Amino acid sequence: GIKCTGNRILASDNQESIHFVKYKAGENSLVAFADDTFPRWVTQATMLDYYTAAVGDKFGNLAVLRLPQDSMDIVEEDPTVNKAIWDRGLLNGASQKLDMINMFHIGESVTYLELATLIPGGNEARVYTTLSGTIGMFVPFTSREDIDFFQHLEMHMRNEAPPLCGRDHLSYRSSYIPVKATIDGDLCEQYNSLDPSKRKAIADELDRSPSEVSKKLEDMRTTYAF
């Protein structure tokens with residue numbers, strides 16, 4: 001697939017992940033100046049901003065990749081891209097490598113991935129669909145307090161609501177690559193289906209009441225979706 005933002009091109013294939021490409025108008029040529037370090041079988045990719053891309057693959061992984069800061073400077077300082085042409089890395093790869101910001105295994109092949117707003121006046125979220133019909137979304141946290149709250153809630157839910165088949169939750173979400181900087185909202189939402197005694201115990205560990213925990217989950221959901 002090919003996506004464009006300004007004069008920057010995002011090219012993806014089904015075996016070698018994504019490449020950031022620059023077009024040289026004077027020579028009518030394309031130069032890949034940055035690529036991924038992990039071979040992904042990409043099914044969908046989209047630009048989140050000028051430096052960041054989201055990628056979904058056939059094995060059910062979703063990742064966010066970003067150009068490192070020094071790479072951004074080199075691209076701006078080398079408008080002719082001559083340095084990128086000659087400064088090749090291993091196996092003839094691009095000279096710059098993308099940083100993986102987020103990683104999460106959803107377990108189904110991704111068929112659609114796009115930034116979208118699902119409610120009037122709502123915030124943008126990363127919406128995806130899968131081969132089996134799942135519609136899901138990834139939303140950004142806006143405060144450190146929310147990150148800490150949901151990280152601790154997820155940690156407690158792993159112990160109180162283990163998968164029915166007995167598989168370790170963290171192991172599943174890290175099936176191909178270790179999960180990184182992502183909270184499992186599906187697991188956190190199961191808080192409301194726990195026994196009252198377990199809800200109370202978890203809420204006490206979070207220094208909140210059960211109703212406050214439920215309200216926090218609802219607020220996060222209604223801000224972006226429904």
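**Figure 1. Cavities in the predicted model.** This predicted model contains 2 cavities of 30 Å³ or more. The second largest cavity has a volume of about 30 Å³. Its lining consists of Leu 62, Ala 63, Val 64, Asn 102, Met 103, Phe 104, Arg 126, Phe 138 and Thr 182. By residue class, the lining of the second largest cavity comprises 6 nonpolar, 2 polar and 1 charged. Strands S7 and S9 each contribute at least two residues to this lining.

**Figure 2. Strand S7 and its pairing with S9.** Strand S7 covers residues 61–66, and 5 of its 6 residues are buried, so S7 is largely enclosed by the rest of the structure. Strand S9 spans residues 99–105 and runs antiparallel to S7, with 6 bridges joining the two. Within this pairing, Ala 63 stands opposite Met 103 in S9. Ala 63 and Met 103 are also among the residues that line the second largest cavity. In a regular strand, side chains alternate between the two faces of the sheet.

**Figure 3. The hairpin of S6 and S7.** Strand S6 (residues 52–57) is antiparallel to S7 and is joined to S7 by 5 bridges. Val 55 has Ala 63 in S7 as its bridge partner. Ala 63 thus appears in both pairings, with Val 55 as partner here and with Met 103 opposite in S9. The two strands S6 and S7 form a hairpin, with 3 residues between them. Gly 60 lies in the turn and has a positive phi of about 85°.

**Figure 4. Salt bridge between Glu 154 and Arg 158 in helix H3.** The model has a count of 11 salt bridges, including the one between the side chains of Glu 154 and Arg 158, at 3.4 Å from N to O. Both residues belong to helix H3 (residues 144–160); because they are 4 residues apart, about one helical turn separates them. Glu 154 has a relative accessible area of 6% and is therefore buried, under the limit of 20%. Arg 158 is partly exposed, with a relative accessible area of 28%. Side chains of opposite charge can pair when their charged atoms come close.

**Figure 5. Salt bridge between Lys 200 and Asp 204 in helix H6.** A salt bridge joins the side chains of Asp 204 and Lys 200, with an N to O distance of 3.0 Å. In helix H6 (residues 196–205), Asp 204 and Lys 200 are 4 residues apart, so the separation is about one helical turn. Asp 204 counts as partly exposed, at 42% relative accessibility. Lys 200 also counts as partly exposed, at 41% relative accessibility.

**Figure 6. Salt bridge between Glu 189 and Arg 221.** In the salt bridge of Glu 189 with Arg 221, the closest N and O atoms are 2.7 Å apart. This pair links distant parts of the chain, the two residues being 32 residues apart: Glu 189 belongs to helix H5 (residues 185–189) and Arg 221 to helix H7 (residues 210–224). Glu 189 counts as partly exposed, at 30% relative accessibility. Arg 221 is partly exposed, with a relative accessible area of 26%.

Notes:
Residues are numbered from 1 along each chain as its sequence is written. This is a predicted model: local features need pLDDT of at least 70, side-chain atom pairs count only at pLDDT 80 or more; totals for chains, interfaces and linings use all residues. Side-chain values use heavy atoms; hydrogens and water are left out. Buried means under 20% relative accessible area, exposed over 50%, partly exposed in between (1.4 Å probe, protein chains only). Two strands pair if DSSP finds at least two bridges between them. On a 1 Å grid over the protein atoms alone, a cavity is a set of points where a 1.4 Å probe fits but cannot get out, and a pocket is an open set with protein on both sides within 12 Å along at least five of seven lines; lining residues have an atom within 4 Å of a point. Grid points are joined across faces, edges and corners, and a volume is the space filled by probe spheres set on the points. Ala, Val, Leu, Ile, Met, Phe, Trp, Tyr, Cys and Pro count as nonpolar, Asp, Glu, Lys and Arg as charged, and the others, Gly among them, as polar. A salt bridge is a side-chain nitrogen of Lys or Arg within 4 Å of a carboxyl oxygen of Asp or Glu.
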